[in-house]
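Ready to work through a protein model by hand? Keep the sequence and the viewer open side by side, and try each task before reading its solution.

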Amino acid sequence: MYFDPRPKTSREDLFDREEEVERVKALRAPITLVLGLRRAGKSSVILVATSEMPHPVVYIDARRFEAEPYLTFKHVAEALGEALAQPMRRFPRLREYLKNVKGISVTGFEVKISWRERGSLVEVLEWLNRWAEEDGRKAVVVIDEAQELTKLKGYNLLKLLAYSYDNLRNVYFVLSGSKVGLLKKFLKLEDAGSPLYGRYVEAVELRPFTLEEAKRFLEEGCRQYGVSPPDAEKVYRAVGGLPGWLTYFGYTYVSVRGEEESIRQTVSYAVDLVRQEFAHFLEGRWAAEKRYRVIMEAAAECVAWSELKRAVEASEGRRINDAEITRLLKNLVDYGFLEKRGNLYCPPDPLIAAAFR
Ligand code: ADP
Ligand code: MG
C-alpha cells in the first residue's frame, strides 16, 4: 500500500523509484550515497534494495544519535553490535568468523563490542570481508542518515572507510543523508589531504515527485483503497512533491476523506515537524538564532543574497559583514533548509517555506 506511513520495505509498496532501487542494488562502487531531503524516501529505497540482496546487511540507523550533542566510540560500537544480529541470524556461519574479533563477545545472536578495543571496528570489517569472500557474497554496511556521525569525537571513521574502500573488496557501504552538504563535508571527497580523496562514489539522488508523478501516486494509492482520487494539482500546490508528505496526505485522505481537511492536517503536521527540526538545528547556535530566523522568513519566497543581507541588517539596525552572511547561508544550505536556484536562495520544499511564514 503506497499510503502506509512507515518506510517501505517491499517493492510492491514502493511507487516508482525503480531505477534508484536498481542502482543501490548494483553496488557499483565500494561506497554508494543515497541523497535527498528528509522524507524523499531514502530509507524506503535502501530497505527495498537491501531486502532483495542475497547478501548480509548490517543496518545502522544513525537517527538514533540525532539528539546527542556529540558521539564517542562507545556509541558506534554499541550500534554496530546491535546491527550485527540480523545478518548473523540469516547467515549463522558468520558468527564463527566474528568470534575471532578481539574485544567482541558473541552470545546467541547478541554481539557486544568492547569500547576499549578501538581496533575492533576494523577487525569486524575484516572478518565480514573474509566471510563474504569465502561465501561468494558481499557484506553491505548501511548507515542511514550518516551525517549524524560527524559528531563522533576521538575516532577517525573516515580512515576506516578509506581503509575498507581500498582493501576490503567484499565490503560495501551504503550511506544516506538528508543534510547533503554535511554528509559531503564529512566524507571530504574533494579535499586533497583527506583519506577518501579522489575515490569514486556512486551517488543516487532522490528528487521530490514531479506533478505528473504525484498525480499517479495519488491516483494509484487511492485505487488501492477503493477511494476516488483528490484534485492532485491542488494537493501538489499545497504540500509539494516530497513522497513523505504525499503519503501522509494520502493516509489522511483515505481515512478522513475530505480533501481540504487532509491538506490542512498534512500542512499543520509538516510545519510542526520542520519547526522542530529547525529548533534542533539552532541548538548550539543560539548566538545566531535571530539571524537564522530572519533569513528563513525572508527567503520563504526565494530571494537573492543581497536581499537576505539587507533583511538581517534591517532587523539589527547595523551593517553586517559579507562573510558572516555567507557563512549563515552555507549552514542553512548544508542542512537542507535552503537551496540555491541560480542566484536565488529558496526553501527546497513548499512546506519548509510554510514553516517560516
Ligand atoms: P527518508 O528516509 O528520505 O526520510 P522515508 O523512506 O522514511 O524517507 O519515506 C518517508 C515517507 O514517505 C514514508 O512514509 C514512506 O513510506 C513514504 N515513501 C517514500 N517514498 C515512497 C515511494 N516511492 N512510494 C511510496 N511511499 C513512499
Ligand atoms: Mg530515513
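The exercises below go from helices to salt bridges, a loop residue and a domain interface.

This is a predicted model, in which local features need pLDDT of at least 70, side-chain atom pairs count only at pLDDT 80 or more, and totals for chains, interfaces and linings use all residues. Residues are numbered from 1 along each chain as its sequence is written, chains are lettered from A and ligands numbered from 1 in the order in which they are written, and side-chain values use heavy atoms, with hydrogens and water left out.

**Exercise 1. Helix H6**

Task: Work out how far helix H6 reaches from its first C-alpha to its last, and find which of its residues are buried.

Solution:

1. Find the bounds. Helices (H or I, at least four residues) and strands (E, at least two) are DSSP runs, numbered from the N terminus. H6 covers residues 120-135, which is 16 residues.
2. Get the expected span, defined as 1.5 Å times one less than the number of residues. For H6 this comes to 22 Å, and the model's helix reaches 22 Å, close to that expectation.
3. Check burial, where buried means under 20% relative accessible area, exposed over 50% and partly exposed in between (1.4 Å probe, protein chains only). The buried residues of H6 are Ser120, Leu121, Glu123, Val124, Leu125, Trp127, Leu128, Asn129, Trp131 and Ala132.
4. When you look for a pattern in such a list, remember that an α-helix has 3.6 residues a turn, so residues three or four places apart point the same way.
5. Step past the end of the helix: Gly136, just after H6, has a positive phi of about 70°.

**Exercise 2. What covers H3**

Task: List the buried residues of H3 and say which elements cover them.

Solution:

1. In H3, burial applies to Phe73, Val76, Ala77, Ala79, Leu80, Gly81 and Ala83.
2. Now look for contacts, meaning heavy atoms within 4.5 Å. The cover over these residues includes S2, helix H4 (85-90), strand S4 (110-113) and H6.

**Exercise 3. Salt bridges across the sequence**

Task: Which parts of the chain do the salt bridges of Arg23 and Lys42 tie together?

Solution:

1. Apply the rule: a side-chain nitrogen of Lys or Arg within 4 Å of a carboxyl oxygen of Asp or Glu. The structure holds 38 such salt bridges.
2. Take Arg23, whose partner is Glu202, with the closest N and O atoms 3.3 Å apart. Arg23 sits in helix H1 (residues 18-26) and Glu202 in strand S7 (residues 202-205), so this pair ties together parts that are 179 residues apart in sequence. Arg23 is partly exposed at 21% relative accessible area, while Glu202 is buried at 3%.
3. Turn to Lys42, which pairs with Glu145 at 4.0 Å between the closest N and O atoms. Here helix H2 (residues 42-51) supplies Lys42, and Glu145 lies in the loop between strand S5 (139-144) and helix H7 (157-167), so parts 103 residues apart in sequence are tied together. Lys42 counts as buried at 4%, and Glu145 is buried too, at 7%.
4. Finish with a group: Arg11, Glu18, Glu22, Lys25 and Glu52 are linked in a network of salt bridges.

**Exercise 4. A loop residue, Leu206**

Task: Is Leu206 buried or exposed, and which residues does it touch?

Solution:

1. Locate Leu206 in the loop between S7 and helix H9 (211-225).
2. Its relative accessible area is 4%, so Leu206 is buried.
3. Leaving aside neighbours within four places in sequence, Leu206 has contacts that include Arg17, Val34, Leu35, Ala40, Lys42 and Val45.
4. Leu206 and Ala40 lie 6.2 Å apart in space, C-alpha to C-alpha, although 166 residues separate them in sequence.

**Exercise 5. Domain 1 meets domain 2**

Task: Describe the interface of domain 1 and domain 2 by its residues, buried area and polar links.

Solution:

1. Set the bounds, which come from an automatic or database domain assignment: domain 1 (17-205), domain 2 (211-278) and domain 3 (284-354).
2. The centres of domain 1 and domain 2, taken over C-alpha atoms, are 33 Å apart. Their contact takes 5 residues from domain 1 and 6 residues from domain 2.
3. Buried area is the accessible area (1.4 Å probe) that two parts lose on being put together, summed over both. For domain 1 and domain 2 it is about 490 Å², with 59% on carbon and sulfur atoms.
4. The rule finds 2 salt bridges across this interface.
5. Count polar contacts (a pair of N or O atoms within 3.5 Å; within protein, one must be able to donate a hydrogen and the other to accept it, and residues adjacent in sequence count only if both atoms are side-chain atoms). Between domain 1 and domain 2 there are 3 residue pairs in polar contact, both residues at pLDDT 80 or more.
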